[in-house]
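This report examines one helix and one pocket of a protein model. Please keep the sequence and the structure in view while reading.

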Amino acid sequence: MSLLFTPLTVGSVTARNRLWVAPMCQYSAVDGMPQEWHHVHLAQFASGGAGIVIAEATAVTPEGRISPDDTGLWNDAQRDAWAPIAAAIRSRGAVPGIQLAHAGRKASTFAPFAPERGSVPAGAGGWQTVAPSAIAFDGLAAPVALDLAGIDRVIADFAAAATRARAAGFEVLEVHAAHGYLLHQFLSPLSNLRDDEYGGSLENRARLLLRVVDAVRDAAPDATLFVRFSGSDAAPGGWDAAQTATVAGWAARRGARFFDISSGGLVAHQQITPGPGYQVGYAAQVRADAGVPVSAVGMIDDAAQAEAVLAAGDADAIMAGREWLRDPHYALRAAGELGDAIDYWPPQYVRARRRREAPVNRG
């Protein structure tokens, strides 16, 4: 059996393989409520053999949405709408997860496939955004700096959303501290110019994230806690892989079990050149320096490439996004490419298995 199709236990969950679905925003919710689109979108990946399926960045408060079309978990109706989706993922053999998020200064924007760009005006359903410091992301409206009471509300919102997520049946809860959203904004010295206990030193800039990790862990102690980091801001003077590794180690000691390493998103002047596996190095450094399990993501589009990342010891699992959109049965295809006999082809699809693939083990 390949490494890619070797099961992996993390915290209280065991994934049947190491090819997982990264959270991907769909911008298709109504008042924060996931729709039938989300149900089909996420369940298909479980049918396609994914080990873990993580639902998109889901706002812990209305003001934390990237756009008015984002999903949420700030009320019980949303919890109840998510429950059948989590159940559908689980019933198809994958572990259901969800990413808990607050967009901070990058909130209240138009969805990417809307005709407009930039911040949504108040008259069109937009809202005042918040951040560690009153510094706008290029092209977006200026945020208001959070005061201490506002920071405490954010932490409480993450805890309440974690409780709802667990009640909905999600077994993995991922705290979103990447891609230039609120927790990443606090981590990076490019967006955090505070001079109180939440700014300045690395310990201070990490304080909000670590308090959120504590709050989510306490609210959902039987869930498995992931944290997603950007491994680098890819901009001078910004957040980098060394800081990521240090804070990942601190989060691990507080109960985070796994770290999902991406990059960028904080500033418009980032210098990133995408290419196959272009973010793997960040994951490898965090894994080596912090001694924590990590996933790698970023144009990992075929089985041999994914297997090579694991074989090199650069990551413990592979998160993929766009390749799952291109092929919702990526894992079934990858198993065939690697010659692995897996026993979770849906029986309805077995006739589509290529003759050159290893026979399905029926147990």
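## The largest pocket

What volume does the largest pocket have? In this predicted model, the volume of the largest pocket is about 1200 Å³. Its lining comprises 44 residues, and those closest to the centre are Pro-23, Tyr-27, His-179, Tyr-181 and Arg-322.

Three elements give two or more residues each to this lining: S4, strand S12 (317–320) and helix H10 (322–326). The element that gives the most is H10, with four residues.

## The course of helix H2

Helix H2 spans residues 76–91, which makes 16 residues. From its first C-alpha to its last, H2 reaches 23 Å, close to the 22 Å expected at 1.5 Å a residue. A bend of about 25 degrees occurs in H2 at Trp-82, and the proline Pro-84 follows within four residues.

Both ends of the helix deserve attention. At the start of H2, the backbone nitrogen of Ala-77 has a side-chain oxygen of Asn-75 within 3.1 Å. After H2 comes Gly-93, with a positive phi near 95 degrees.

## The buried residues of H2

Which residues of H2 are buried? They are Gln-78, Ala-81, Trp-82, Ile-85, Ala-86, Ala-88 and Ile-89. Trp-82 is thus one of the buried residues and also the site of the bend.

The cover over these buried residues includes two helices, H1 (36–47) and H3 (148–168), and two strands, S4 (52–59) and S5 (95–101). Strand S4 therefore appears twice in this report: it helps to cover H2, and it contributes to the lining of the largest pocket.

Technical notes:
Residues numbered from 1 in each chain as written. Predicted model: local features only at pLDDT ≥ 70, side-chain atom pairs only at ≥ 80, totals over all residues. Heavy atoms only, no water. Expected span 1.5 Å × (residues − 1). Bend = angle between axes of the 7 residues up to and from the residue. Buried < 20%, exposed > 50% of the residue type's maximum accessible area, 1.4 Å probe, protein only. Contact = heavy atoms within 4.5 Å. Polar contact = N/O pair within 3.5 Å; in protein donor to acceptor, adjacent residues only side chain to side chain. 1 Å grid on protein atoms, 1.4 Å probe; cavity = no way out; pocket = protein on both sides within 12 Å on 5 of 7 lines; lining within 4 Å. Points joined across faces, edges and corners; volume = space filled by probe spheres on them.
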